[in-house]
Amino acid sequence: MILNLRGAGGSGKTELARRIIRRYGPLRAAGTPGSGGPDIGLAHHPGGGRPLAVVGSYERQSGGCDTVRKEDGGLPAVLEAAARWCAEGCDVLLEGNRLSREVDGTGALAGQRPLTVLQLSTPPALCAAQLRRRRRLALAETARLLAAAEAEAAEVEAACRALAERAEVLRLGFDEALGAAVALLDLPVGGDGVLPVGDGQGRRDETRREEKRRATASVSG
């Protein structure tokens with residue numbers, strides 16, 4: 001199957017991809033069967049199931065399909081690689097900002113191969129806060145980042161609604177999305193656990209803190 005992680009920037013989809021990959025172990029570089037194209041990482045299933053093919057690189061902070069350059073084929077090459085590796089008997093992991101808002105190519109792919117979208121429901125306020133910390137921006141940038149996150153979340157939502165006619169789309173929080181990925185990929189439960197204890201609560205607390213900061217800034221302004 002093909003698993004496509006979607007969400008606005010800062011929603012946690014790259015972290016979700018990395019947590020899924022860690023359950024498999026180290027990736028080895030592999031080429032796309034029969035052609036060139038994007039970087040592909042391949043990992044054995046820890047329980048002896050289907051291997052995982054990961055499209056794009058995760059060697060930097062923002063990874064996945066966003067690392068595939070236009071000269072390497074861009075999104076068309078990403079989708080073609082996903083179809084080819086799925087046909088080879090692999091599960092395929094796709095994740096990236098550009099792909100999160102794409103419909104036509106992904107819809108066509110869903111007509112060829114089983115495809116499930118995990119759409120992260122991370123609140124825009126938390127997306128903005130996480131982007132601000134990642135980019136080391138001043139608190140004054142929060143309003144601008146929030147407006148951008150709200151607009152991007154709306155675009156992702158519209159794309160996922162359109163894809164729901166052709167693929168399975170699950171809208172979930174981070175914890176639930178990781179649990180769904182573990183189940184869909186037939187991964188063993190245990191080891192490092194689905195999430196460290198308190199991680200979900202920490203995200204909820206951060207959301208409340210960010211909303212409180214926004215309210216305080218509004219009153220003081």
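How many salt bridges does the structure hold? In this predicted model, the count is twelve. Side chains of opposite charge can pair when their charged atoms come close, and a few such pairs make a good starting point for a tour.

Helix α1, which spans residues 13-24, is a convenient place to begin. Here Arg19 and Glu15 form a salt bridge, with 2.9 Å between the closest N and O atoms. The two residues are about one helical turn from each other, because they lie four residues apart in helix α1. Arg19 has a relative accessibility of 13% and so counts as buried, whereas Glu15, at 28%, is partly exposed. The pair also belongs to a network of salt bridges that links Glu15, Arg19 and Arg22.

Helix α1 also packs against helix α7 (residues 174-184), at an angle of about 35° and with 10 Å between the axes. On the α1 side, the contact is made by Glu15, Leu16, Arg19, Ile20 and Arg23; on the α7 side, Phe174, Ala177, Leu178, Ala181 and Val182 take part. The crossing of the two helices is right-handed. Glu15 and Arg19 thus appear both in the salt-bridge network and in the contact between the helices.

Other salt bridges reach across the sequence. Arg98 meets Asp66 at an N to O distance of 3.5 Å. This pair links distant parts of the chain, 32 residues apart: Arg98 sits in helix α3 (residues 97-100), and Asp66 in the loop between β4 and α2. Both residues count as partly exposed, with relative accessibilities of 34% for Arg98 and 25% for Asp66.

Arg101 and Glu155 form another such bridge, their closest N and O atoms lying 3.2 Å apart. Here 54 residues separate the partners, with Arg101 in the loop between α3 and α4 and Glu155 in helix α6 (residues 142-163). Arg101, at 37% relative accessibility, is partly exposed, and Glu155, at 42%, is partly exposed too.

Glu95 offers a contrasting case. This residue lies in strand β5 (residues 91-95) and is buried, yet has no salt bridge. The nearest side chain of opposite charge belongs to Lys13, 4.8 Å away; a salt bridge requires the nitrogen and oxygen to be within 4 Å, so this pair does not qualify. The side chain of Glu95 is instead joined to that of Tyr58 by a polar contact of 2.5 Å. Beyond its neighbours within four places in sequence, Glu95 is in contact with residues including Leu5, Lys13, Thr14, Ala17 and Tyr58. Asp66, the partner of Arg98, is also among the contacts of Glu95.

Conventions: Residues numbered from 1 in each chain as written. Predicted model: local features only at pLDDT ≥ 70, side-chain atom pairs only at ≥ 80, totals over all residues. Heavy atoms only, no water. Buried < 20%, exposed > 50% of the residue type's maximum accessible area, 1.4 Å probe, protein only. Lys, Arg positive; Asp, Glu negative; His and termini not counted. Polar contact = N/O pair within 3.5 Å; in protein donor to acceptor, adjacent residues only side chain to side chain. Contact = heavy atoms within 4.5 Å. Axes fitted to C-alpha atoms, helices over the stretch in contact; angles between N-to-C directions. Left-handed = near helix turned anticlockwise from the far one by under 90°.
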